[in-house]
Every structure is written in structure tokens, then in C-alpha cells.
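Okay, thanks everyone, I'll keep this short. Have a look at what's on the screen, and then I'll walk you through it.

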Amino acid sequence: MVDLLERAAQPAVDGLMEAVRGVLHSSADLLEVRERLAEIFPAWDKEALAAVFAEAFLAAELAGRGDVNEGR
């Protein structure tokens, strides 16, 4: 289940990490890094990652219910 979640979330995480790397490589100092990171996080597409987590939580809940039904 964890592997599936990791694969599904990877594109969203990769996009964010690429943006962070770009900021780190092109900023003159830590103050600029801080300011630019504050700008990219609100613009980051959180919907894709939120959808992955919603599916993961649903799968975990259903697995838990299955375990209860089987007496585990």
C-alpha cells in the first residue's frame, strides 16, 4: 500500500522539489530563498497530492474495517 501511495504521489512531489531546487540554485542568499519559497508554496498544485492522500485514507479505512470483520 505504501509503494502504491509513493508512486501516485511522486509526480506532485517531483514538481514541488523541482521548484525548490530552482529557487535554491538561483537565489543570491538565504533571505531571497525564504522570500521565493514563500511565493512558490501557495502556487503549488496541492490538489493532486490531496487526491492521492484521500484515496490512501479511504484504502486504509477499508483495510481496517476488513481486519475488524475478520476478527483481527
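Before I point at any loop, a word on what I call an element: helices and strands here are DSSP runs, at least four residues for a helix and at least two for a strand, numbered from the N terminus. With that in hand, S27 sits in the loop between α1 and α2. I'll come back to S27 in a bit.

This is a predicted model, so how far do we trust it? The mean pLDDT for the protein is 85, and 99% of the residues score at least 70. Which helix gets the highest confidence, and which the lowest? Helix α2, residues 30-43, comes out on top at 89, while helix α3, residues 46-69, is at the bottom with a mean of 84.

Now the overall layout. The protein has three helices and zero strands, so reading from the N terminus you just go α-α-α. The radius of gyration is 18 Å, whereas the globule rule gives 11 Å for 72 residues, so this protein is more spread out than a compact globule. If you box up the C-alpha atoms along the principal axes, you get roughly 60 × 20 × 20 Å.

What about the surface? Buried residues account for 17% of the 72. The protein exposes about 5600 Å², and 62% of that comes from carbon and sulfur atoms. On the charge side, count 7 positive and 14 negative side chains, with the centres of the two sets 2 Å apart.

Okay, back to S27. Buried or exposed? S27 is buried, because its relative accessible area is 14% and the cut-off for buried is under 20%. Along the sequence, S27 and V68 are 41 residues apart, and their C-alpha atoms are 53 Å apart in space.

Next, two neighbours in the first helix. R7 is in helix α1, residues 2-26, and E6 is in helix α1 too. R7 counts as exposed at 58% relative accessibility, while E6 is partly exposed at 47%. Where do they sit relative to later parts of the chain? R7 and V52 are 45 residues apart along the chain, with 9.7 Å between their C-alpha atoms. E6 and D45 are 39 residues apart in sequence, and C-alpha to C-alpha you get 17 Å.

Last stop, the aromatics. How many aromatic pairs does the structure hold? One. The pair is F53 and F57, with ring centres 6.1 Å apart and planes at 35 degrees, so we call the pair tilted. Why that label? Stacked would need planes under 30 degrees apart and edge-to-face over 60, and the rest count as tilted. F53 and F57 are four residues apart in helix α3, so about one helical turn separates them. As for how much of each is showing, F53 is partly exposed at 37% relative accessibility, and F57 is exposed at 59%.

That's my tour. Happy to put any of those residues back up on the screen.

Key: Residues numbered from 1 in each chain as written. Predicted model: local features only at pLDDT ≥ 70, side-chain atom pairs only at ≥ 80, totals over all residues. Heavy atoms only, no water. pLDDT = per-residue confidence, 0-100. Rg over C-alpha atoms; globule rule 2.2 N^0.38 Å. Buried < 20%, exposed > 50% of the residue type's maximum accessible area, 1.4 Å probe, protein only. Areas by Shrake-Rupley, 256 points an atom, 1.4 Å probe, with all protein chains shown as cover. Lys, Arg positive; Asp, Glu negative; His and termini not counted. Charge placed at Lys NZ, Arg CZ, Asp CG, Glu CD. Phe/Tyr/Trp six-rings, centres within 6.5 Å; stacked < 30°, edge-to-face > 60°.
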